[in-house]
Amino acid sequence: MLMRVSMSYKRRADLRPVYKQIRKWIQNTSRDMSVTYLELPDKSEGDKKQYRALQLNNGLRALLISDPANDEATSSFIGPQHSRISSKSDSSASIQQYKGKLAACAVLMGVGSFAEPPQFQGLAHFLEHMIFMGSQKYPAENAFDAFISKCGGFSNAHTENEDTCFYFEVEEQYLDQTLDMFMNLMKAPLMNIDAMARERSAVQSEFDQTHMVDEVRRDQLLASMASEGYPHNTFGWGNHKSLKHNVNDSELHQALHDFRRKHYGSNRMIVCLQGELSLDELEQLLLKHCSDIPQSEQQPMDLSQLNYAQAFREEFFRDVLLVQPVEDVCKLELTWVLPPMKPHYKCKPDAFMAQMLGYEGVGSLCSFLRRRLWCMTVMSGVGGSSFESNSMYSLFTVCIYMTDEGFAHLDDVVSATFAWIRMLNDCKTLKTSYSEMQQITANNFRFQIEAPAMENAQSMVENFSYLPSKHVVSGTQLYFEYDEASMKLLRRHLGTFRFNMMITSHIPYENYDYNQKERWFGTSYRSIDMPEKWRDMWFNPSQHPELQVPPHNPFVTTDFTLHWVEAGQPHVSRRPKALIKNEVCELWFRPDDTFLLPDGYINLYFITPMMRQSACEYMAAVLYTYLVEFVIAEQLYPALMAGQGYSLETTDKGLMLRVNGYNQKLHLVLEIILHVMQHIKPTEAMVMSIKELKKRQLFNAVINSKSLNLDLRLTVLENMRFTLLQKYEALKAVTIEDINKFKDNFYKQMFVKALVQGNFKEQHARDLMQMVRNAYPSEQIDLSTLQNRYVQLPLGQHFLRVKSLNSEDTNTIVSNYYQIGPSNLRMECLMDLVDLIVEEPFFNQLRTQEQLAYSLGLYQRIGYGIQAFVLNINTQESKHRADFVEGRLEAFRASMPALVRQLSEEEFNQLRDTLVNSKKLGNLSLHDEVMRNWSEITSGEYFFNRTEMQIQTISQISQEEVIDFLINYEEKNLRKLSVQVVGRATGSMHSPTQSIAESVSARQGSTTHVRRSGSLAMMVYEVQRNISEEQLLFEQIGERVKLEFIGDVTNPSHIIDIEAFKRNLHVYPFINTNPKLSSKT
């Protein structure tokens, strides 16, 4: 103990000369710029990054993060007796451990939608867009985007209610120049009136993406119940209605500049800089680019004077809100208004109680409801959005996602929910559970997985907005202390019958009609008096013996031994090692010698010919995996809380099971899953419920223009494929006998591929494979018979057009697929380079200049060894017809040689170097490394040194070679397939929206909960996101889904019958892109 104190004191003493030199440098380089150093942030013992918090004299606060990519930084964590550099040479010398990292910057401006004038709602969001439209120093509108794209970077921004966050990442060599351009956007943006129309369209497009997302609509509905004088009754998204219709552009333009001057300034800025540079170098960049940023004209709004208890009008608490969703969902929500919870970050009473109420293990409310098939999940907590958590109040919500059967038993669901809340709120032994949660979060913080630089910088500025510098890293992650006063405060509120009750259901509650509409999203709803029976249930809760306080968690990790370190840090090849390769299985293994965390990954691929026999067999397998996940959910929920995870999914050739997390007890998780897979006994009720969910999910996919477009393209290209429609039709016939047949027979002829990687010993991997082999003894199969292949498209252009199944949907998806042919390493690298060169011009031309759509993409695809590149766009048929959009895509494709030719030699070399550097970026986490290896194993290519070979190859590609390839493809090898799912040509009666999938991605989590990653969770999530209009379609045409092809039967370029088109096409052999194996294919 004395030695530790002495060593700690010595380290502090050694830092004094460093700080002395820093102060001397600051005095010499910026005499009138004083810097106040804030308390150093606490960090975990495994965190290799260095931190410095400071404040400039113009009020700007900053967090600097030095993240050097070297081995020296890890030596203190491993211990002085070990060396991170092995003296042995790697037998696979071509595989290198690249450690390059991107630099990142985030700026949090302390103003958001709460401050915008009521006559220009959405102004703060609009300003966020306009900021990027050039600066006085760099006036070109796309100057920043074009520069950062060519430098291997990315930028974005988002607007909240109390702040606006801007962020970018870029190769570190360009950080200085990027900061200069970026900070000039903050200091002196142009925001010309000519750019307003385009950026208003972008704001409208974002609104269109969220217009049909119930969580967003719910927040806006609650906002409409804000008390007078409170700022949360605003429409922060903005759209044409609030920013264009009946709006004078000159007045709006003036309001933009006024708002920026009033609220954007150094005194309201928080900056985070992260890079491999030293802290001194980062500080020098900060001073150079931020010291002259002026302060804002106004100080931030003081919202602390507003009483949280009066933030909403009385009807918020008094009435029950019945809401008509746009999603196929039934849910019950209870929302309490609390004082702001962020000041209680040390205790986190809200997060702790959210874990208790949202618990899904045995004895929980979720288990009680799920066993009766009344619900799929329970979520609770204070949401992460700024509407739910701000300086005025926090909204704590308990949300039960019910099945239709659960909605039919709503009184029983309400009764059980009230009993569960009252039981946990009155529990006297929760301190024990709190201690367990402290242990889990302490483990997670100690062994945290590194986040990407831009994501980390963004999180840090948001944390720094309300946390002291000492806790800016740890404050959101740790349960510091059990504070009785904070817990009593929360319990007092949760124990009071004063909350908002909202019932959202596609089935009307007691046949009530909806007689009110919310102003901005048009949400239909009705307010009714709280039923007296529910009031009685709260004050006189029924006995529910099945409900129990969550027990001790048996999956909490207690052994964090790092096996590679314990073994003396032996040399480890960069490629996985094949421990077993025989006729029935192959086992790959690699111990972790890089990330040094007690984490492990067990990936298993059960390849079985039953998946290829028929669409019915395939769908039986799908339902089987869902049923397994349904049964193990409550048993393994404690494992999820303790840091383990799992997923079970179907692929075109079999089942894929993945288990990951703290390695100590992963074998127990795998053992439980295998046991359930072997012995599950599904009931008819379970099968019917899961089958109905899957049926809706498939129907959603068919009528979703984006997923249908992809399915049609793959139906043309793949030699063996069950289409979405075939799966949909086959599902109807699947019985419980079919599922049991699959369970009992899939393994009898099977090949198992396995990768065990992470904090394991070699014997651990062998034992795990033996566990699998004991559970599933199998006979040899011929893997080559299961290998899918692509057809070769004919020369020329071919068009496959179908009408969207939803006659009200204006979305049109156009996807132009250009097939190149058998892939090889050089061609793959050449197309990577083409992507980088043309990406920014593609978006600038088609999205910014021509305003064809907000969602579009350009990328290359390699399927079963066949290479292609794809241009796609999601537009509205009511704005731009499909044939016109396709023509613009083709015109851009034809311009690609000219785009490459116009580059100077210096510009081309810079882009080529940018691509090389992007390949040299190190794996951020063990997960990244595992998935890269797993992809090589499951594909059968085993090209583990792919990245190294790509780097060597890219450096050899010349500008002339790229141009020659593109011209030769145009003149001699153009094989194009244009797939178009065409929407309604005239405007829909409803606001056009983006695809369901994009609406899902736009949704932000609104509650604190543990989310599973398996296929069942994803299916439930997708079905809950289903648009209610499409639910009506499901009820109307669900049994007679049929595609309507568009085209001229006499035109050979029009595909009217896919099977007829493919009948005489050449089928490529399977192409292995690994040079060492390609000759054996």
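Start by selecting residues 319-323, strand β8: five of its five residues are buried, so β8 is largely enclosed by the rest of the structure. The model on screen is predicted.

Show the side chains of β8 next. In a regular strand the side chains alternate between the two faces of the sheet. Asp319, Leu321 and Val323 point one way, while Val320 and Leu322 point the other way. Residues on both sides are buried, Asp319 included.

Now add the neighbouring strands. Select residues 524-529, strand β14, which runs antiparallel to β8 and is joined to it by five bridges. To find one of these pairings, pick Val320 of β8 and look across to Ile528, its bridge partner in β14.

Then select residues 500-505, strand β12. Here the two strands run parallel, and four bridges join β12 to β8. Pick Leu321 in β8; Met502 is its bridge partner in β12.

Leave the strands and turn to the cysteines. Select Cys272, which counts as buried because its relative accessibility is 0%. Add Cys105, which holds the cysteine sulfur nearest to that of Cys272, 7.6 Å away. A disulfide needs two cysteine sulfur atoms within 2.5 Å, so Cys272 is in no disulfide. Across the model the count of disulfides is zero.

Last, select Cys585. Is this residue buried or exposed? Cys585 has a relative accessible area of 2%, and since the cut-off for buried is under 20%, it is buried.

How values were computed: Residues numbered from 1 in each chain as written. Predicted model: local features only at pLDDT ≥ 70, side-chain atom pairs only at ≥ 80, totals over all residues. Heavy atoms only, no water. Buried < 20%, exposed > 50% of the residue type's maximum accessible area, 1.4 Å probe, protein only. Pairing = 2+ DSSP bridges.
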